[in-house]
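Please open the structure in your viewer and keep the selection panel at hand, since this tour moves from one selection to the next. Each stop says what to pick and what is to be found there.

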Amino acid sequence: MGKDDGFGRVQELSYELKVGEVMTTTVITVAPDNRVGDLRELFRANKMSGTPVVAGDRLVGIISIEDFIKCLADGEMDCPVRMRMTEKVEVLYADEPVVHAIHKFDRRGFGRFPVLDRKTGHLVGILSKGDIIKGLLKKLEIDYHEEEIHHYRASHIFEDILADKTAIRLKYDVRGKDFENAGASASALKKTLSRLGFHPQVIRRVAIATYEAEMNIVVFTPKGQMLADIHPDHIEVKAVDKGPGIPDIERALVPGFSTAPEWVRELGFGAGMGLSNIQKSSDKMVLKSKVGKGTDLRMTFFLYR
Amino acid sequence: MKLEEIVHELKMDVRSAGRNLAREVRGGYASDLLSDVMANAEKDYLWVTLQIHQNIVAVAVLKELAGVIIVNGREPEPETLAKAEKEGVPILVTQLPTFEIVGRLHQLGFRGTA
Ligand SMILES: Nc1ncnc2c1ncn2[C@@H]1O[C@H](COP(=O)(O)OP(=O)(O)OP(=O)(O)O)[C@@H](O)[C@H]1O
Ligand SMILES: [Mg+2]
């Protein structure tokens, strides 16, 4: 894959960034003498699937939810953590490049790794896949929705950076009649795509189409949303709204057809060219609409034509 | 030709982003319809229009235009100027109507996309 695509930049960054820069530094740990039974509340409250076991400054093991469940099955909840933990712990060092961590996650299938300082051997942090994604996006100065990363496809995005598959998803809310912020989604997406290093020509096509779709939401609907999915070989942008819908799609697509009200036309909208601009600048456009329900517009842009 | 030379030659007033006048201009487009500009203007073009509201800035930014010329002595709205200043889009004003200013740009050697 060449340098003109976003994923090339993500991969470069995974070599530049160090584990220590993206890890979580507040680590919840347990002592070897803690009761295994006490882990239940700790795991639940912190939504963790495992935690490092530390004696003084030294990492002596790791105990996971599976260890806990086995203990539970054996009816030995009073047993000390020391007896049930895994002593041979796979760790990462704070000075390793993130790409090492990515490979390690890939090979081991673990949810998180303790991070040690190479000189002192002390535990200095913990690293999850989510930390890596957040770190990479932050470095690219991409605004992301934290929720999306956690709930939507955290592991997915991650595998995908590796495997050259899917997808970074960006989401923008668009308010109807808000001419002050009109065009903001298109501008933000354009900025993000340049930061990711996409080819200017692709960026220009996406910018035109996204702008037109966004303006239609502003002009014709109370509110809507733009969703951009960035894949290694194509970008898909969806513009969805729950507005009045389009009664005759074929007619709406005719260049020059517009139902824009007079006051909007005075601002320079309403040439009836938006949808045909989208058709021209995208590689594929699918427009679906139901009167009284809303409109769903999908635009696809291939990176290599 | 650089934007500052054009400003000087055509005696226009600069209303925003005076810091960005060193930019090379490659051509021009004249229209008052935003979708028309989205479709037909190109990067580094000057856009001639009578529109004065803030949405012209979004179009200029997205299309990477060199600047916007507002005709007929119309003045851009304050929100337009604030946004243009922030985004670094030069807005120039002229007393001349579109037909005249485009004619002079043509004389200076500028063309649109034919
Ligand atoms: N999201 C939408 N909801 C409801 N109607 C829409 C929507 N998008 C487009 N339309 C209808 O389709 C028509 C054509 O849209 P198009 O974007 O091509 O032109 P326009 O918005 O009227 O003018 P221009 O885009 O040139 O400013 C609109 O006038 C409107 O009637
Ligand atoms: Mg439109």
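Begin with the largest pocket of this predicted model, which holds about 620 Å³ of space. To find its middle, select A:Asn216, A:Phe220, A:Ile246, A:Thr259 and A:Leu275, which are the closest to the centre of the pocket among the 32 residues that line it.

Next, colour the elements of chain A that give two or more residues to this lining, namely α11, β8 (234–241), α12 (249–253), α14 and β10 (294–302). Which element supplies the largest share of the lining? Select α11(A), for it is this helix that contributes 7 residues, the largest share of the lining of the largest pocket. If you then colour the lining by residue class, you will find 18 nonpolar, 10 polar and 4 charged residues.

Now show ligand 1, because the space that it takes is this largest pocket. Around ligand 1 there are 20 residues, and those that come nearest are A:Ser258, A:Thr259, A:Gly270, A:Met273 and A:Leu275. Keep both chains visible at this point, since residues from chains A and B surround ligand 1 and the site is therefore shared between chains.

With the shell still selected, look at where its residues come from: in chain A, α11 (200–220) and α14 (274–281) each supply at least two of them. Of the elements, α11(A) gives the most to the shell around ligand 1, with 3 residues. Coloured by class, the shell shows 8 nonpolar, 10 polar and 2 charged residues.

The next selections concern the oxygen atoms of ligand 1, and it helps to display distances for each pair in turn. Select A:Asn216 and look at its side chain, where an N or O atom is 2.9 Å from an oxygen atom of ligand 1. Then move to the backbone of A:Gly272, which has a polar atom 2.9 Å from an oxygen atom of the ligand. After that, select A:Gly274, where a polar backbone atom is 3.0 Å from an oxygen atom of ligand 1.

As a last step, show the surface of ligand 1 without the protein and then bring the protein back. How much of the area that ligand 1 exposes when taken alone does the protein bury? Taken alone, ligand 1 exposes 590 Å², and the protein buries 94% of that.

Terms used
Residues are numbered from 1 along each chain as its sequence is written. Chains are lettered from A and ligands numbered from 1 in the order in which they are written. This is a predicted model: local features need pLDDT of at least 70, side-chain atom pairs count only at pLDDT 80 or more; totals for chains, interfaces and linings use all residues. Side-chain values use heavy atoms; hydrogens and water are left out. A residue is near a molecule or strand if one of its heavy atoms lies within 4 Å of it. A polar contact is a pair of N or O atoms within 3.5 Å; within protein, one must be able to donate a hydrogen and the other to accept it, and residues adjacent in sequence count only if both atoms are side-chain atoms. Accessible areas come from the Shrake-Rupley method with a 1.4 Å probe; for residues, only the protein chains shown count as cover. On a 1 Å grid over the protein atoms alone, a cavity is a set of points where a 1.4 Å probe fits but cannot get out, and a pocket is an open set with protein on both sides within 12 Å along at least five of seven lines; lining residues have an atom within 4 Å of a point. A molecule sits in a cavity or pocket if more than half of its atoms lie within 2 Å of its grid points. Helices (H or I, at least four residues) and strands (E, at least two) are DSSP runs, numbered from the N terminus. Ala, Val, Leu, Ile, Met, Phe, Trp, Tyr, Cys and Pro count as nonpolar, Asp, Glu, Lys and Arg as charged, and the others, Gly among them, as polar. Grid points are joined across faces, edges and corners, and a volume is the space filled by probe spheres set on the points.
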